Amino acid sequence: MIAVHNLTKTYSGNTVLNIDNLEIHKGNSFGLVGNNGAGKTTLFSSILDLIKPTTGHIENKGIKVNESEDWKTITSAFIDETFLIGYLTAEEYFYFIGELRGQNKADVDALLSGFEDFFHGEILGQKKYLRDLSKGNQKKAGIVAALIGKPEVIVLDEPFANLDPTTQIRLKKIIKDLAADPEVTVLVSSHDLMHVTEVCERIVVLDKGEVVKDIATSEATLKELEEHFNK
Amino acid sequence: MFKHFINLQWKSFWRSATLSSSLWMKIFMGFWALYLIVAMVGGSFGAYYFIEKELCLDPLVVVNRFLIYWVVADLLFRYALQKMPVINIKPLLILPFNKRKIVSFAFGKTVFSFFNIIHGFFFIPFSILLIVKGGHSALNVLLWNIGLIALIYANNFLNILLNKKDNLIFLVGGILAIFGGLQYFGYFDITKYTAPFFQGLFDTSYMVVFPIIVLIILVIISFRSFIKDLYLDAGLASKAQSVKTENLEWLDRFGKTATFLKNDIKLIKRNKRARSTVLVSIMFLFYGLLFFTGAIETYDGPVWRIFAAIFVTGGFLLSFGQFVPSWDSSYYPLMMSQNIRYKEYLSSKWWLMVIATLISTVLASGYLYFGWDVYLAIVVAAIYNIGVNSHIVLWAGAYVKTPIDLTSNKKAFGDKQAFNTKTLLLSLPKMVLPLVLYAIGHYAYSPYAGYALVAVAGVAGFAFKDKVFDKIESIYRTEKYKTLWAYKQKK
């Protein structure tokens, strides 16, 4: 589904990303881990064509992301709060994203009703703008907005950060459900090795911009990752 | 202690991500300030001699009559333009700084603000003339000046207090407009009641105490309220008001564009900074008064009419349009990764400007009072604004890469954005072309030929709409990564 070819990104002589070849298959749930500065967000931003790679390119469903914009119809993402429109209420934001993705209000409402647990009564009907919500609640809104309109590729950068324990558990279930759908490819990055081993079928470890491990998740994975990061 | 504050300020200026453009802007602002200073000094001489020689009145008395407007206008300008004394307070709170020191430094900075000093350039020459030419007593002139200084500084602190409230200033501005109107049409003259006060400052020595007391009270109030506000859940908190979800479904008739149009209307309604563009356009509505009333002689030329009319109808268009797409800077990554057609996005902004121009044109029908001719100029300018300027403004905006902090309404003017050679070049057809067109028609044939030329140019502009939109789209595309990067640089 996603193919990365000879991708490098250099900021004034400093290479922050260097991936020769990486294929993420359709229906996969893909986890990205790495320390700060490993290049996780840079990779995700390149997949979304938000930064221009120094060399190489990325294909999304066979579409070169920097040449055509057709991948946008099948891809959605939540990277950080710059994906939220601060002066809208959560509902307005969902409907706005819905309209962009060709979903009418009823479609969006139907989707949202499935996330009442996840929202925990803190998102809908709040009489607050998104910018006035807490970081955790902003994240909830952003993640759910990324699920509107049946995207085939979903990119979530650090979705577990800032969430309370209950919501983390619920989010894991949501991602697992998405992963179970053979049509949906989920890309997740995290600092939490436990969460990521639990929800992802495949885990890639980035270090200083390079792929240092590529693991199909199994019982032993968590241990292996812990050992890697405990060096 | 102050040494640290000054050090921090120094670093925050020199290390800001947008230094290069802001340095240019500082230079530009410098010229602008110089212009204002010269205008003020010139104005003081001009006013003195004009009143004395032409009107054969005592300059002091006449100036005293209008001082009330001076003071209120000063307050309005401050509210719109003066930056609040914000230093990066949060990290300082838990350090061993005395809170009083933090506030005194912040306030101390405002004392030296240009907005306070500029008045001196009018009043000091004027006072010297009063003493030397008018033969007034130096002591009285001095007392009068002290009174005025106290009032100006009272404004300074009043503005600090007013800035915390959102809509109070509209009230002040509205009252000013009403009294101004009443006076102009000769129904009620507020200056009759205020002039004795200002005259009193001059004549009666103890009167000067009143403005000083007002100033002291305002300093104390604002000092106290700022100290009280130095808590994360008080003044430093971002205010969260209770809001309702709005659907604005009536806009759906605009089709795909409606998606963005709905957003843009919310953008303007809900963000201080965006709202101030509406304020600007209202101010520009009255701008024409300077021209059409013949208040200022140099503006009496027929070509100036078109100039004024462009601003009267295009206030919103010019102030909002120049920052497309910067209005969406805080969520630009979303816009760039979502399923968005640039054309729809652009045409939403375009419609918004067109609607605002039409509303301004209707509101400007008050200018009918000055004759059909004047209103005709306004209608013609509106056509030109819609047909030509709306496109050019969007085009120029595509080169502006300054992130906008929607929640703060300061820096709405000038301050570093919108200033590069490309936008400057593009401002020529906005302003100069209609004037030239009109002048050609006016002097070659008749005023109506001039109007017709401008209007035809406006209508012809429509033909280029798609072309310009294509051009803007390609700018957006080629500049995408740079723009994303630039928007990431918070001040």
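Two strands pair if DSSP finds at least two bridges between them; strands (E, at least two residues) and helices (H or I, at least four residues) are DSSP runs, numbered from the N terminus. With these terms, the tour begins in chain A. The model is predicted, so local features need pLDDT of at least 70 and side-chain atom pairs count only at pLDDT 80 or more, while totals for chains, interfaces and linings use all residues. Residues are numbered from 1 along each chain as its sequence is written, and chains are lettered from A and ligands numbered from 1 in the order in which they are written.

**Stop 1: the sheet of chain A**

Select A:V153 and A:T185: A:V153 stands opposite A:T185 in β8(A). On the β6 side, A:T75 has A:V153 as its bridge partner in β7(A). Strand β6 (residues 75-78) of chain A runs parallel to β7(A), and 4 bridges join them. β7(A) also pairs in the parallel sense with strand β8 (residues 185-190) of chain A, over 5 bridges. A further pair to display is A:L156 with its bridge partner A:V188 in β8(A).

Next, select strand β7 (residues 153-157) of chain A, where 5 of 5 residues are buried (20 or more other C-beta atoms within 10 Å of the residue's own; exposed means 12 or fewer, partly exposed in between, with C-beta atoms placed from the backbone). A:V153, A:V155 and A:D157 point one way from β7(A), and A:I154 and A:L156 point the other way.

Widen the selection to the open sheet of 6 strands in chain A, ordered β6-β7-β8-β3-β9-β10, with mixed pairing. Its edge strands are β6 and β10 (210-216) of chain A, each pairing on one side only. Neighbouring strands are turned by 15° against each other on average, direction ignored.

**Stop 2: helices on the sheet**

Add helix α1 (residues 40-47) of chain A, which packs on the sheet and touches β3 (29-33), β7, β8 and β9 (202-207) of chain A. Its direction makes about 150° with that of β7(A). Helix α6 (residues 165-180) of chain A also packs on the sheet, touching β3, β7 and β8 of chain A, and its direction makes about 145° with that of β8(A). Contact here requires C-beta atoms, placed from the backbone, within 7 Å. Axes are lines fitted to C-alpha atoms, for helices over the stretch in contact, and angles run from 0 to 180 degrees between N-to-C directions.

**Stop 3: from chain A to chain B**

Display the contact between the chains, which takes 26 residues from chain B and 26 residues from chain A. On the side of chain B that touches chain A, the elements giving two or more residues are α11 (256-270), α14 (332-337) and α20 (480-488) of chain B.

**Stop 4: helices of chain B**

Chain B has 20 helices and 0 strands. Of its 491 residues, 34% are buried.

Select α6(B), in which B:F122, B:F123, B:F126, B:S127, B:L129 and B:L130 are buried.

Then show helix α16 (residues 372-397) and helix α19 (residues 465-478) of chain B, whose axes come within 10 Å and cross at roughly 10°. The contact is made by B:H391, B:L394 and B:W395 of α16(B) and B:K465, B:V468, B:K471 and B:I472 of α19(B).

Finish at B:I440 in helix α17 (residues 421-444) of chain B. This residue counts as partly exposed because it has 14 C-beta neighbours inside 10 Å. The C-alpha atoms of B:I440 and B:V303 are separated by 9.8 Å, although the two residues lie 137 residues apart along the chain.

Methods: Two residues are in contact if their C-beta atoms, placed from the backbone, lie within 7 Å.
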